Amino acid sequence: MKNLIGHEATLAYLQKNIAQGKFPHAVIFSGEEGVGKRLAAEICVAGLLCENPVDGSPCGVCESCRLVAARSHPDFYVVEAEATKTTRNIKIGQIREMQSEAALRPINSARRVVIIDGAELMNNAAANCLLKTIEEPPSQTIFILLTASRSSLLMTIRSRCMTVHFDKLKPAQIRDALITQGVDVQEAERLSVIADGSFGRALKLKDSGGAQLREMALDTLEKICRAELSNEDIFKTGAEMSDWSRDKFADFLTHVQKILRDICFAEVLEPYNSDLMPRLSKIKIPERKNFLMIETGAKYHKRLKSNANLRLLAESYFMQIRKIYHRG
Ligand SMILES: [Zn+2]
């Protein structure tokens with residue numbers, strides 16, 4: 001099984017509960033996307049199903065451990081969101097299917113474990129359906145709900161589950177893990193800063209050229225401040241962005257927002273982009289305008305969730321922030 005990055009105390013606590021037979025019947029792992037919740041949950045599953053666990057930690061060699069690692073253990077069930085082009089959600093049919101499995105006696109082990117990954121993506125019908133099971137759980141079944149947005153879960157579900165929080169990772173933890181995976185030191189350093197505490201995000205950024213995305217965000221702001229961002233540039237960028245996914249544009253916006261925040265608060269807050277500070281300190285934006293630009297970015301972030309055409313949205317965003325900067 002892969003090594004979990006960070007969360008040592010959290011995992012030790014969970015494994016102590018496994019060893020003492022006190023692991024809760026329903027638990028929420030709450031924390032940002034990509035921070036390690038799924039891997040931590042799988043390590044718990046392995047520990048719960050293992051034939052020879054050591055202090056709640058899986059032995060890694062028994063049949064159960066091997067089946068969990070291969071994701072083919074008959075007593076281990078995962079519910080994940082089904083993605084279409086525009087949405088990702090967990091439907092009631094998936095919960096019902098899980099329930100009929102969870103009601104059966106365990107096959108290989110003393111219990112069954114169900115992971116619901118992305119619990120906030122259950123629609124209402126699915127959540128209510130799950131609630132019934134959590135209210136009267138099959139005695140031998142354990143539910144682990146993973147969520148990046150605990151507050152979006154039904155109150156009734158939250159109140160019936162114990163919650164375990166997974167904090168953001170430190171940049172140094174992400175950097176070291178990236179280096180272990182063969183990423184070169186400089187790139188690891190950069191990615192660890194912009195990943196904002198999530199190793200999953202760092203990996204995604206590595207694959208999607210996240211560092212380039214941030215560079216593009218900074219470049220755009222520099223051009224605006226030098227009065228060099230022409231309409232032609234905007235239309236060209238808009239055309240390029242029309243092929244992007246909405247997530248990628250959202251990431252781009254997030255980079256602009258963080259850069260703006262760093263420019264404004266460099267002296268009082270720990271910067272997001274500490275490695276960029278020499279360049280950022282050269283960008284001068286009056287505080288009032290900076291706030292307006294951040295506000296505008298937040299507005300476009302929201303508009304991304306509508307069906308608005310991405311190209312038009314991007315172009316209008318650039319026009320807006322340029323206008324704010326140059327308006328008297
Ligand atoms: Zn084992």
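Two residues are in contact when heavy atoms of theirs lie within 4.5 Å of each other. Keep that meaning in mind as we walk through this predicted model, starting with one threonine. T220 sits in helix α10, which covers residues 210-225. Not counting residues up to four places away in sequence, T220 touches L229, F252 and F318. With a relative accessible area of 10%, T220 falls under the 20% limit and is therefore buried.

Now step back to the whole chain. The protein chain is divided into domain 1 (8-165), domain 2 (171-208) and domain 3 (209-326). Taken over C-alpha atoms, the centres of domain 1 and domain 3 are separated by 39 Å.

Let us turn to the metal. The zinc ion has four cysteine sulfurs as its protein donors, the SG atoms of C50, C59, C62 and C65, lying 2.3 to 2.4 Å from the ion. Along the chain, these donors follow the spacing C-x8-C-x2-C-x2-C. The angles among the four donor atoms run from 102 to 117 degrees, and the site is tetrahedral. That label applies because all the angles lie between 85 and 135 degrees. Of the donor residues, C62 and C65 are both buried.

Next comes the packing of the interior. In soluble globular proteins, nonpolar side chains tend to be buried together. Here the largest nonpolar core has 39 residues, and those touching the most other members are F23, F29, V45, I144 and L178. Among the elements giving two or more residues to this core are α1 (8-19), β1 (26-30), β6 (141-147) and α7 (171-180). Helix α2 supplies the largest share, nine residues. Domain 1 and domain 2 both contribute residues, so this core lies between them.

L178 offers a good view of this packing. Leaving aside neighbours within four places in sequence, L178 is in contact with V183, A188, L191, S192, F199, A202 and L203. Apart from this core lies another, of 34 residues, which includes F252, I259, I285 and M293.

Two of those names link to residues worth a look. F252 is one of the contacts of T220, and M293 is one of the contacts of I324. The other partners of I324, again leaving aside neighbours within four places, are K289, L292 and T296. I324 lies in helix α15 (residues 310-326) and is buried, with a relative accessible area of 6%. The C-alpha atoms of I324 and I144 are separated by 47 Å, and the two residues are 180 apart along the chain.

Finally, consider the charged side chains, where the count comes to 20 salt bridges. In one of them, the side chains of E80 and R38 meet at 3.0 Å, N to O. This pair links distant parts of the chain, with E80 in strand β2 (residues 76-80) and R38 in helix α2, 42 residues apart. E80 is partly exposed at 41% relative accessible area, whereas R38 is buried at 18%.

Some other pairs involve sequence neighbours. R175 and D176 form a salt bridge of 3.1 Å, N to O; R175 is partly exposed at 25%, and D176 counts as partly exposed at 39%. R226 and E228 are also paired, their closest N and O atoms being 3.0 Å apart. R226 is partly exposed at 46%, and E228 is partly exposed at 42%. Elsewhere, salt bridges that share partners join E32, K168, D196, R201 and K258 into one network.

Notes
Residues numbered from 1 in each chain as written. Predicted model: local features only at pLDDT ≥ 70, side-chain atom pairs only at ≥ 80, totals over all residues. Heavy atoms only, no water. Donors = N, O, S within 2.8 Å, 3.2 Å for Na, K, Ca; no water. Tetrahedral: all angles 85-135°; square planar, octahedral: opposite > 155°, others 65-115°. Buried < 20%, exposed > 50% of the residue type's maximum accessible area, 1.4 Å probe, protein only. Domains from an automatic or database assignment. Core = buried A, V, L, I, M, F, W, Y, C linked by side-chain atoms within 4.5 Å. Helix = DSSP H or I, 4+ residues; strand = E, 2+ residues; numbered from the N terminus. Salt bridge = Lys/Arg side-chain N within 4 Å of Asp/Glu carboxyl O.
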